[in-house]
Amino acid sequence: MGELVKLSAEELAKLREEIKKSAPVKSEETVTTEMKVADNDFSVGKTAERNKKVSTKQVTVTIAEDKMSATVVLDDPGEEEYTAAEIVGILRRNKVITGINSVEIIRMVNEKVYDKEVVVANGKPMEPGQEGYYEFMFDTEVHKTPVIREDGTADYAAVGRHQNVKEGDVVAVYHPAVQGQNGFNVCGMEIIAKFSKELPALRGQRIKRNDETNEYIATLSGKISLNDYNIEILDVHEINDNVTMLQGKVEFYGDIIINGDVENGVVIRAGRNVVINGTVGAASIFAGGDIILQKGIQGAGRGKVSARGNIFSDFVEYARVNAGLDIYANSIINSNIATSGSVIVSGKHGSIIGGDTHGLKGITANATGNLNEVKTVLHAGFLEEDYMEFSALMVSEKKKQTELENVVDEITVIIKSRAKGGTMTKAMKLGLLKLKEKKDQICTEIDEINEKKTDISRRMAEGNGASVTMRGDIYPNVYICIDTAKLRIARKESYTRYVCKNNMIERRTIPIGSI
């Protein structure tokens, strides 16, 4: 270390002045910026030093917890001003980099929106896609337990109920998958949408697909079911059990085969044929084709059987039976029978006891009535009700024809008046229009009357020559009716055919050897 030099007072004062000049000058402006973390929100400021004065500008940035939006609050800067660029810069430094709304920021700056939280950035939510799915036009669920109705009660009839379709029905529609759209948050993170998958095509031999509409169409009427992606349509619905009130109703467009009994209160409806291999109680059975009751029906006064075709039944007791063609049975007891064909009662008993039996084309039985002389009514040919209805239609038609003639006469008068050069007033034109409408209405009513007359005439023609044939005994108190003629059997008769001649019933003996 060198030797210290002692300075004079004058030199020391000069040195102090030089040191003072070279010392840094303290700034008059300081902006404090701080970063806080509170409740997962971020508040950010900026620190800068100015040489002359302290800045009062402060920006607070808050990012939502889900990072899908960001807000800023601008403190009142006094005489200073914010710029959109510096606000955007502060946002970016605090990781808000996407979805920034520059228009909103410029508005805040221009309108001097201070001390108020404003959303200045928004993310884009991810839009979920839709998996491919089938819209089925039938109930695909097999109900093994009762369905609970809206009122809380149980629908037991839904148990085991199947679904029917007709040929040409749309049974399913496929809705292709729709892919979702990705999103992002304000921090630039992409939100990926889940990939939407397509479903495999439906299978089935009795369906076809329309590729343009993605519709699946039935090519057969019948019972439809779904197993996995396989659709099955059957034209025969077979039940290997008794049908009870738990099922309540069985409806099918094709054939129905029941390998069991049908209990009271059950309703069976088939588009084609019904075959029941058990006994039938007080049930209601309807078929578009034939009905076969292998063990008969005990209707208890409430059973109903109706078919457009034939009806075959081992026996019919206390039931109402109606057929479009013929009715065959081994015995009929206290029942109401009606058919547009013939009633044929044969077999070991082949008897009709009690009730009312009508066969448009005729009735054949082995025996009718019994020793107790139970009232039994047999009617063949057209019904008296048909004759009365036909007569009433004739009267109505004559009346309508008279009305039509009067209307036509009125129209003719107006038309002739105009043809002679007369002028038609507005009232006359309106009257002519109403007369024409009335004429059309009367013509329509006459056509309807003629249709009914034709139907009755057809039935009368089909019943022409109808007879009642007894191939055994017929007991007292049996009423033989053919067309409008009636005959009460007063004593036992046998082997007789009853026919109608000149509105009188005649007896004709049947040779025993011919039976």
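The following legends describe close-up views of a predicted model of the protein.

**Figure 1. Overview of the predicted model and its confidence.** The protein has 515 residues, of which 38% are buried. Its secondary structure comprises five helices and 42 strands. Among contacts with a separation of 6 or more, 39% join residues 24 or more positions apart. The average pLDDT is 84, and 83% of the residues score at least 70. Residues 1-7 have a pLDDT below 50, and this stretch makes two contacts in the model beyond near neighbours in sequence. The pLDDT is also below 50 over residues 18-52, a stretch with 59 contacts beyond near neighbours in sequence. Where pLDDT is low, predicted coordinates should not be read in detail.

**Figure 2. Close-up of the largest pocket.** The pocket encloses about 320 Å³ of space. It is lined by 18 residues, and those closest to its centre are Asp 356, His 358, His 379, Leu 383 and Glu 385. Several elements each supply at least two residues of the lining: strand 28 (316-323), strand 31 (336-339), strand 34 (356-359), strand 37 (376-380), helix 4 (384-419) and strand 40 (485-488). Classed by residue type, the lining has seven nonpolar, five polar and six charged residues.

**Figure 3. Surroundings of Asp 326.** Asp 326 is placed in the loop between strand 28 and strand 29 (327-329). Leaving aside residues up to four places away in sequence, Asp 326 touches Gly 309, Asn 310 and Ile 311, as well as Thr 339, Gly 341 and Ser 342. Gly 359 is 33 residues from Asp 326 in sequence, and the two C-alpha atoms are 8.2 Å apart in space. Strand 28, which precedes this loop, also contributes at least two residues to the lining of the largest pocket.

**Figure 4. Helix 2 and its packing partners.** Helix 2 spans residues 84-93, and its buried residues are Ile 87, Val 88, Gly 89, Ile 90 and Leu 91. These buried residues pack against strand 5 (59-63), strand 6 (69-74), helix 3 and strand 7. Helix 2 is followed by Lys 95, which has a positive phi near 75 degrees.

**Figure 5. Helix 5, residues 426-462.** This helix contains 37 residues. From its first C-alpha to its last it reaches 55 Å, close to the 54 Å expected at 1.5 Å a residue. The buried residues of helix 5 include Leu 432, Leu 435, Ile 442, Ile 446, Ile 449, Ile 456 and Met 460. Lys 453 and Arg 459 are also among the buried residues of this helix.

**Figure 6. Two loop residues with positive phi, Lys 112 and Asn 502.** Most residues other than glycine have a negative phi. Lys 112, although not a glycine, has a positive phi of about 55 degrees. Lys 112 lies in the loop between helix 3 (102-111) and strand 7 (118-122). With a relative accessibility of 44%, Lys 112 counts as partly exposed. Asn 502, likewise a residue other than glycine, has a positive phi near 55 degrees. Asn 502 is located in the loop between strand 41 (493-501) and strand 42 (504-509). The relative accessible area of Asn 502 is 77%, so this residue is exposed.

Terms used. Residues numbered from 1 in each chain as written. Predicted model: local features only at pLDDT ≥ 70, side-chain atom pairs only at ≥ 80, totals over all residues. Heavy atoms only, no water. Helix = DSSP H or I, 4+ residues; strand = E, 2+ residues; numbered from the N terminus. Expected span 1.5 Å × (residues − 1). Buried < 20%, exposed > 50% of the residue type's maximum accessible area, 1.4 Å probe, protein only. pLDDT = per-residue confidence, 0-100. Contact = heavy atoms within 4.5 Å. 1 Å grid on protein atoms, 1.4 Å probe; cavity = no way out; pocket = protein on both sides within 12 Å on 5 of 7 lines; lining within 4 Å. Points joined across faces, edges and corners; volume = space filled by probe spheres on them. Nonpolar A, V, L, I, M, F, W, Y, C, P; charged D, E, K, R; others polar.
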